[in-house]
Amino acid sequence: MATFDRSAGSPFVYKLAIYLVLILVAAAFLLPMFVMVVTALKPMDEIRSGSIFSFPVDPSLDHFGKAWLSACSGLSCSGLSEGFWNSIKIVVPATAFSVLAGAVTGYALAMWPFRGAKALMTALMIVAFIPYQVILYPIVRIFSTIGLYNSLPGIILIHVIFGLPVMTMIFKNYYIGLPQELIKAARIDGAGFTRIFVSIILPMSPGILAVTTMMQFTAIWNDYLLGLIFAGRDNLPMTVQLSNIVHVSMGEIEYNVNMAATLLTALPPLLLYFLSGRYFVQGITAGAVKG
Amino acid sequence: MSGISIKDLNKWHGPLHVLQAIDLQIDPGEFIVLLGPSGCGKSTLLNAIAGLEPINSGSIDIGGVDVTHVDPSRRGIAMVFQSYALYPTMSVRKNLSFGLTVNKVPKATINQRVDRVAKMLQIESYLDRKPAALSGGQRQRVAIGRALVRESSVCLFDEPLSNLDAKLRTETRGELKRLHASLGATMLYVTHDQIEAMTLATRVAVMKGGKVEQYAPPEELYERPATLFVAGFVGSPSMSFLDATLTSDKTLELGGLSLDMRAYPFTTEMTGKVVLGLRPEHISIVEDTAQPGIDVTTLFIEPMGADTLCWFEIAGQKFSARLNPVLARTLGKTARVRFALERASLFDSATEKRI
């Protein structure tokens with residue numbers, strides 16, 4: 001009776017099977033991507049012919065320019081650029097604050113045990129899994145009462161608040177793995193809560209900081225619901241604007257411009273992954289020193 | 001030069017009484033070892049003295065100052081940790097100077113002290129390396145160096161040698177002893193290794209279950225253990241225990257044998273059930289069968305190189321003797337032995353205390 005054994009069977013067949021599966025999975029993800037890219041490059045009359053998989057005969061980057069500068073959403077026709085800068089204004093501070101706050105709270109929970117720390121962690125756990133929709137309306141009321149509704153600080157604060165539970169848990173779980181004796185040694189050396197965090201803990205965290213920054217950046221960049229509700233008309237993020245551009249129904253639907261706009265919106269998180277992906281592998285492994 | 005004085009120290013972990021009314025007087029310049037099995041509270045006591053663990057009641061004086069509620073950094077102590085706890089992102093030099101920088105010591109003084117300590121511990125050649133690029137022994141030196149640059153009059157050590165290999169451990173042990181002699185600082189050292197305790201200490205506090213069982217110089221600990229626990233914990237190969245009954249005329253009844261205990265230095269009078277403690281070197285073989293002695297059954301032998309440990313049985317109870325290897329090889333199924341009863345230890349079976 002034959003049993004499955006990597007060394008016994010034909011290594012060629014085995015490898016072929018693996019590659020086949022991988023290629024199929026990759027195709028499932030890449031094919032829509034391919035359609036988007038070629039459509040964004042085609043002029044409208046090529047698109048109208050209906051063959052969505054065909055390569056563009058007369059490729060042009062003009063649609064990207066139009067999507068960026070002059071696509072219409074509602075009454076304004078200033079393209080996506082406005083939304084892009086709005087998104088940057090929201091994402092950068094919101095990511096920075098939520099990651100930093102998560103690092104501090106995670107560090108406090110992991111290394112400075114206090115009464116009720118366990119209960120607090122459990123509460124955070126539960127809070128992290130509450131669907132937004134449940135608490136949206138009360139938060140809208142609270143924010144409008146304190147005058148933060150429909151403002152840039154308001155939407156930033158919202159993202160920080162919603163990001164904090166998960167950030168705290170990630171950092172706590174990372175810091176709990178560091179030797180507690182480091183803190184003791186630093187306390188004997190005379191360093192306090194802040195000094196230990198800045199001089200010892202933070203320099204040990206580049207890996208986890210990179211990971212959480214990417215997580216938060218992507219999550220906040222991709223956010224639609226919160227931006228739509230809390231940002232206010234002047235601060236609508238790129239995703240909301242993209243949706244407005246795509247859904248506007250006046251005359252012909254410019255698929256090429258829509259595809260270009262979508263690609264532009266998806267680009268920033270993608271770039272971030274390309275630029276800092278190696279930190280995922282690096283850094284995390286550079287843990288503490290043990291004898 | 002600072003002594004340490006601990007009075008009626010209590011600590012609870014929830015329902016667990018981990019330190020029970022600890023009283024400890026440490027004279028300036030002493031090398032005190034806290035010895036005990038894991039979970040006996042020795043590390044907790046050290047951390048409490050350092051101020052890293054809160055206590056429930058009692059007081060701690062260092063150098064005549066009550067530091068019970070003082071921050072760890074203001075207690076005038078330095079500490080070496082089991083895992084070394086070197087700051088992994090800092091160079092060796094930064095590791096050594098961190099505490100001084102935090103305490104705003106002038107730069108020139110810092111450099112001077114770091115260089116002096118680096119020279120003393122021979123770690124100058126890797127001052128610019130990160131801890132990850134050091135071997136275990138080198139990390140150990142840096143950890144000790146970090147404690148020394150503080151120039152504190154009290155040094156605390158939490159099992160500092162347990163992560164080293166056997167050879168390095170012996171070397172570093174000797175070096176610690178030399179350091180103590182040259183610095184003259186008061187040292188408090190936690191270990192579960194009784195050899196370290198015996199070799200390093202001026203006095204040893206043996207702990208068990210959150211209490212100090214005996215606080216005495218190493219020789220006294222070995223020769224006159226105060227409790228059954230200390231007797232069994234200190235010494236390797238360990239002491240053998242034989243159940244016996246003590247009669248009013250100082251005779252020990254041991255499974256049909258009667259042993260004359262008049263030479264034993266009794267501290268209290270008692271009769272009844274006792275435990276006779278014999279170190280392996282308290283037993284010798286009577287080679288001339290015409291001489292009086294105790295006939296015992298030979299069980300097995302364990303050659304240890306310089307000596308051979310021989311296990312015997314008397315009245316169903318086992319005990320071991322440290323014998324000359326040549327003599328041990330000639331042993332038959334039975335042997336005639338003699339006990340050095342004047343050097344033995346007697347414990348009350350009920351209280352487990354020395355009598």
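These legends go with three close-up views of a predicted model.

**View 1. Helices α12 and α13 of chain A, side by side.** Here we're looking at α12(A), residues 238-247, packed against α13(A), residues 255-276. Their axes sit 10 Å apart and make an angle of about 170 degrees. Anything over 145 degrees counts as roughly antiparallel, so that's the label for α12(A) and α13(A). On the α12(A) side, the residues to look for are A:Met238, A:Thr239, A:Leu242, A:Ile245 and A:Val246. They meet A:Asn258, A:Ala261, A:Thr262 and A:Thr265 from α13(A). Sort the residues of this contact by class and you get five nonpolar, four polar and no charged.

**View 2. Helix α2 of chain B under its cover.** This helix spans residues 92-102 of chain B, and eight of its eleven residues are buried. The buried set runs through B:Val92 and B:Arg93, then B:Asn95, B:Leu96, B:Ser97, B:Phe98, B:Gly99 and B:Leu100. Among the elements covering these residues are two more helices of chain B, α3 (107-120) and α4 (136-148). Just past α2(B), check the backbone at B:Lys104: its phi is positive, near 60 degrees.

**View 3. Where chain A touches chain B.** Chain A puts 18 residues into this contact and chain B puts in 24. On the chain A side, α8 (180-188) and α9 (193-201) each bring at least two residues. The largest share is from α8(A), with six residues. As for chemistry, the chain A side that touches chain B holds ten nonpolar, two polar and six charged residues.

Technical notes: Residues are numbered from 1 along each chain as its sequence is written. Chains are lettered from A and ligands numbered from 1 in the order in which they are written. This is a predicted model: local features need pLDDT of at least 70, side-chain atom pairs count only at pLDDT 80 or more; totals for chains, interfaces and linings use all residues. Axes are lines fitted to C-alpha atoms, for helices over the stretch in contact, and angles run from 0 to 180 degrees between N-to-C directions. Helices (H or I, at least four residues) and strands (E, at least two) are DSSP runs, numbered from the N terminus. Angles under 35 degrees count as roughly parallel, over 145 as roughly antiparallel, 65 to 115 as roughly perpendicular and the rest as oblique. Two residues are in contact if their C-beta atoms, placed from the backbone, lie within 7 Å. Ala, Val, Leu, Ile, Met, Phe, Trp, Tyr, Cys and Pro count as nonpolar, Asp, Glu, Lys and Arg as charged, and the others, Gly among them, as polar. A residue is buried if 20 or more other C-beta atoms lie within 10 Å of its own, exposed if 12 or fewer, and partly exposed in between; C-beta atoms are placed from the backbone.
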